[in-house]
Amino acid sequence: MISYQVIEHGQPLQKVLASTPKPQGSEVLVRVTRAGVCHSDLHIWDGFFDLGGGKRFYVKERGCVPPFTLGHEPLGVVEALGPKARGVKVGQKRLVYPWIGCGKCAVCKAGQENYCVSGTRFLGVNRAGAYSTHLLVPDPKYLIDIGGIDDSFGATLACSALTAYSAAAKLPDMDPQDEVAVLGCGGLGLIGISVLREKGVKGIVACDVDDAKLAAAAKLGAKKTVNMRAADAAQQLQGIAAAIDFVGSPATAGPGIAALRKGGRYVICGLFGGELTHPLPPIAQRAIGIVGSYVGNLQELKEVVALAKKKRLRPTPVETRPGAQANAALEDLKAGKVLGRIVLDMEAAQ
Ligand SMILES: [Zn+2]
Ligand SMILES: [Zn+2]
């Protein structure tokens, strides 16, 4: 098999040829056809997350030690089954749920594997991921039939749409006309707009620093767009009922939290980095909620796929590129040049 691997953090991925693994026990070997390129791949590639104040969280502390293969939006075809793998057949096309926990702890048993505390097996993070022609999945239960959904869009459901869906589920009940800000209109923000529209939110306020991304947001159904570089950006946001912050930086969370109306809620799922200092009394006095959201669980991914199958999620812009161009895709994403999502075609990995 061919994989594009991080050999050294921050350095170009290298093409590695290795023998294709044989699935053991309940494992399934998937021949990868599509692999979405996510913003968090950039952090894992760099090797750290910026915690602000000069502090960093190094991914090697979570078992993400080179050489390893990135990619947590895998779609592919079942190629081989371990002797105990049941419920799936060779030749079937499947989306892979990547946020796999230990499977044994109480959190995992309650269906929240993305919150596992005793040994995650996240594909593309601390297990080999999808920037490869082949991928080992621990169990068939992590494979989802996406029916007739477009392959490249389908792949992006595993992180991009799932993260947006789980974040939107943490918003309070609102009136349809309430304003909800979407901060950051990259791949996640755009699908976030589709998710909010599907939930019946009409007052979506899209925020970004790039007018092309804001135009794409308006096309997907945002009622209002705010360029965060505008002098009156903070005023334009005033009074929002809630927000989903797909960036997660002081430049978004600062004005975003300040703009919440009383009782409003702010959901942070972006991992851009930095830190926020906020006075404590107004959190109580304004009765605001600040919540984190991290990817989503297997059941939520099944719900997202069901919505996409019924065409209830407006597809966001997706550009499919040959898998062999993985490095260029990461560079373009880092430079902010990507509208929506790049998805790698791993059948063109040569
Ligand atoms: Zn991701
Ligand atoms: Zn667990």
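In the predicted model, tyrosine 165 is located in helix α3. With a relative accessibility of 19%, tyrosine 165 counts as buried, because the cut-off for that class is under 20%. Setting aside residues up to four places away in sequence, tyrosine 165 touches Val195, Glu300, Glu303, Val304 and Leu307. Tyrosine 165 and leucine 301 are separated by 136 residues in sequence, yet their C-alpha atoms are 8.5 Å apart in space.

Serine 166 also belongs to helix α3. Its relative accessibility of 2% places serine 166 among the buried residues. Beyond its neighbours within four places in sequence, serine 166 is in contact with Ser293, Val295, Gly296 and Glu300. One of these partners, valine 295, is situated in the loop between β16 and α9. Valine 295 is itself buried, at 5% relative accessibility. The phi angle of valine 295 is near 40°, a positive value in a residue other than glycine. A positive phi in a non-glycine residue is found for alanine 287 as well, with a value near 50°; alanine 287 lies in the loop between α8 (281-285) and β16 (289-292).

On the other side of α9 (298-309), lysine 311 occupies the loop that leads to β17 (318-322). Lysine 311 counts as exposed, with 73% relative accessibility. Lysine 311 and leucine 298 are 13 residues apart in sequence, and their C-alpha atoms are 20 Å apart in space.

Helix α3 (residues 151-168) contributes 11 residues to the largest nonpolar core, the largest share of that core. This core has 91 residues, of which Tyr131, Leu157 and Ile193 touch the most other members. Apart from it lies another core, of 16 residues, including Val205, Cys207, Ile257 and Ile288.

Helix α3 also takes part in metal binding. Zinc ion (ligand 1) has as its protein donors Cys38 (SG), His72 (NE2) and Cys159 (SG), at 2.0 to 2.2 Å. Along the chain, the donors of this ion have the spacing C-x33-H-x86-C. Cysteine 38 is found in the loop between β3 and α1, whereas cysteine 159 is in helix α3, so the pair ties together parts that are 121 residues apart in sequence. Cysteine 38 and cysteine 159 are both buried.

The other zinc ion described here, ligand 2, is coordinated through the SG atoms of Cys102, Cys105, Cys108 and Cys116, at 2.3 to 2.4 Å. The arrangement of the 4 donor atoms around this ion is tetrahedral, because they subtend angles of 105 to 117°. The spacing of these donors along the chain is C-x2-C-x2-C-x7-C. Among them, cysteine 102 counts as buried at 15% relative accessibility, and cysteine 108 counts as buried at 6%.

Helix α1 (residues 39-46) is mostly covered, with 6 of its 8 residues buried. The buried residues of α1 are Ser40, Asp41, Leu42, His43, Ile44 and Trp45. Their cover includes the strands β1 (2-6), β3 (28-37), β4 (48-52) and β6 (68-69), together with helix α10 (326-334). After α1 comes glycine 47, whose phi is positive, near 100°. A further backbone feature concerns β6: proline 67 is found in the loop between β5 (55-58) and this strand. Proline 66 and proline 67 are joined by a cis peptide bond, with omega about 0°.

The second largest pocket holds about 270 Å³ of space. It is lined by 17 residues, of which Leu123, Arg127, Ala128, Leu135 and Leu136 are the closest to its centre. The elements that give two or more residues to this lining are β1 and β9 (134-137). The largest share of the lining, 4 residues, comes from β9. Strand β1 thus appears in two settings, as it is also among the elements that cover the buried residues of α1.

Definitions and conventions. Residues are numbered from 1 along each chain as its sequence is written. Chains are lettered from A and ligands numbered from 1 in the order in which they are written. This is a predicted model: local features need pLDDT of at least 70, side-chain atom pairs count only at pLDDT 80 or more; totals for chains, interfaces and linings use all residues. Side-chain values use heavy atoms; hydrogens and water are left out. Buried means under 20% relative accessible area, exposed over 50%, partly exposed in between (1.4 Å probe, protein chains only). Contact means heavy atoms within 4.5 Å. A nonpolar core is a set of buried Ala, Val, Leu, Ile, Met, Phe, Trp, Tyr and Cys residues joined through side-chain atoms within 4.5 Å. Donors are N, O and S atoms within 2.8 Å of the metal (3.2 Å for Na, K and Ca); water is not among the atoms, so sites may look incomplete. Four donors count as tetrahedral if all angles lie between 85 and 135 degrees; four count as square planar and six as octahedral if opposite donors are over 155 degrees apart and all others between 65 and 115; anything else is irregular. On a 1 Å grid over the protein atoms alone, a cavity is a set of points where a 1.4 Å probe fits but cannot get out, and a pocket is an open set with protein on both sides within 12 Å along at least five of seven lines; lining residues have an atom within 4 Å of a point. Grid points are joined across faces, edges and corners, and a volume is the space filled by probe spheres set on the points.
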